[in-house]
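Here are my notes on this model, as numbered points. Please read them with the coordinates open.

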Amino acid sequence: MHDASVHLRSYRGNPPDESHPFVQIVLPVAGTFEIDVGGRQSALSRSIGTLIYRQTSHELSSSGFNRSLILDIDERAISAQLLDKFSSSPFFEIGQRTAMLSRHMADVLQKGEQDKTSGKAWAPILIESLVDGKADTLTRLRSLRAMIEIDPFMPWSIERMADQVGVSLSRLQAVFRDQFDETPHLWLANLRMEKICRLLSNSPLPIAEIADRAGFSDQTALTRAMKNAMGTTPAAYRRAFSQRPQ
């Protein structure tokens, strides 16, 4: 995967036209605005997005509030299939799966906790949804896992996971067990505990704040969960890690 970045951006007024040395995908998540891409005009909204080829001039016009998920990506990271799909028009209808991905990405960005690798992680998930909005269950499930791995502290529930994949709760449980030999609940719990351990060992965040980020009601609840899962407490884990030879 070549360089990629994901941003939340709002547009106001009539900024000067511009072009970029990379491909830009614009997916509105709130409001509307007008755009001219290479001489073709359209209103962008939560149902209409655009893929702007590199070095293609584009101009924006907005009179109200709007917010868009912007993916900037090296053209070499995009398949010929996707580029061909938008060769006749830069505009496209945003499918249900792409819209759900966009909303989730926007939630992550609004939290302000995106790390340097998130853009590269998001890019293939989003691009795959544009190529095939009707991906099979297994493909959607793998995309879901990749999304959650980027930020396991998001308020995921089993119901939300099933909705993201587009299957029933029982179907999600069955496919998850068949493909990954564990339940989605256990997988998510283990993933969150792994991130908790990383924060305890690699960050100066207070344990109470880590508990809050991880969705626990308080530090005591985190201590109880970690004791049950790992046989140790957050404080003991952090202390043992700090005493290891560097």
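1. Start with D181. Is D181 buried or exposed? D181 counts as exposed because its relative accessibility is 67%, and the cut-off for exposed is over 50%. The residue sits in the loop between α6 (169-180) and α7 (184-202). Its phi is near 60°, a positive value in a residue other than glycine. Check that backbone angle before you use the loop.

2. Keep in mind that this is a predicted model. Mean pLDDT for the protein is 86. A value of 70 or more is reached by 92% of the residues. Where is confidence lowest, and where is it highest? The lowest is helix α3 (residues 118-131), with a mean of 74. The highest is helix α9 (residues 219-230), at 95.

3. Overall layout. The secondary structure comprises 10 helices and eight strands. The C-alpha trace spans about 65 × 40 × 35 Å along its principal axes. Of the 246 residues, 45% are buried. The accessible surface is about 12,800 Å². Carbon and sulfur atoms hold 47% of that surface. Take the contacts with a separation of 6 or more: 72% of them link residues 24 or more positions apart.

4. The five-stranded sheet. This sheet is open, with the order β1-β7-β2-β5-β8 and antiparallel pairing. Its edge strands are β1 (4-9) and β8 (91-93), each of which pairs on one side only. From one strand to the next the twist averages 20°. Six bridges join β1 to strand β7 (residues 66-73), in the antiparallel sense. In that pair, L8 stands opposite L69 of β7.

5. The three-stranded sheet. Its order is β4-β3-β6, again open, and the pairing is antiparallel. The edges are β4 and β6, each pairing on one side only. Here the twist averages 20° from one strand to the next. What joins β3 to its two partners? Five bridges link β3 to strand β4 (residues 40-44), and four link β3 to strand β6 (residues 58-61). Both pairs run antiparallel.

6. Strand β3 itself (residues 33-37). Which of its side chains are buried? F33, I35 and V37 point to one face and are buried. E34 and D36 point to the other face and are not buried. In a regular strand the side chains alternate between the two faces of the sheet, so this pattern can be read along the strand. The register can be followed residue by residue. F33 has L44 of β4 as its bridge partner. E34 stands opposite A43 in β4. On the β6 side, I35 stands opposite L60.

7. Turns and loops around that sheet. The hairpin of β3 and β4 has two residues between the strands. Within this hairpin G38 takes a positive phi near 60°. Q55 also deserves a look. Its phi is near 65°, a positive value in a residue other than glycine. Q55 lies in the loop between β5 (48-52) and β6. That loop runs from a strand of the five-stranded sheet to an edge strand of the three-stranded one.

8. The main core. How many residues does the largest nonpolar core have? There are 46, and those with the most contacts inside it are M161 and L172. What does M161 touch, leaving aside its neighbours within four places in sequence? The contacts of M161 are L144, I148, W156, L172, F176, P184, W187 and L188. L172 is thus on both lists: among the contacts of M161, and with M161 itself among the residues with the most contacts in the core. In soluble globular proteins, nonpolar side chains tend to be buried together.

9. The second core. A separate core has 14 residues. Among them are L199, L205, I207 and I210.

Terms used. Residues are numbered from 1 along each chain as its sequence is written. This is a predicted model: local features need pLDDT of at least 70, side-chain atom pairs count only at pLDDT 80 or more; totals for chains, interfaces and linings use all residues. Side-chain values use heavy atoms; hydrogens and water are left out. A nonpolar core is a set of buried Ala, Val, Leu, Ile, Met, Phe, Trp, Tyr and Cys residues joined through side-chain atoms within 4.5 Å. Buried means under 20% relative accessible area, exposed over 50%, partly exposed in between (1.4 Å probe, protein chains only). Contact means heavy atoms within 4.5 Å. Two strands pair if DSSP finds at least two bridges between them. pLDDT is the predictor's confidence in each residue, from 0 to 100. Axes are lines fitted to C-alpha atoms, for helices over the stretch in contact, and angles run from 0 to 180 degrees between N-to-C directions. Accessible areas come from the Shrake-Rupley method with a 1.4 Å probe; for residues, only the protein chains shown count as cover.
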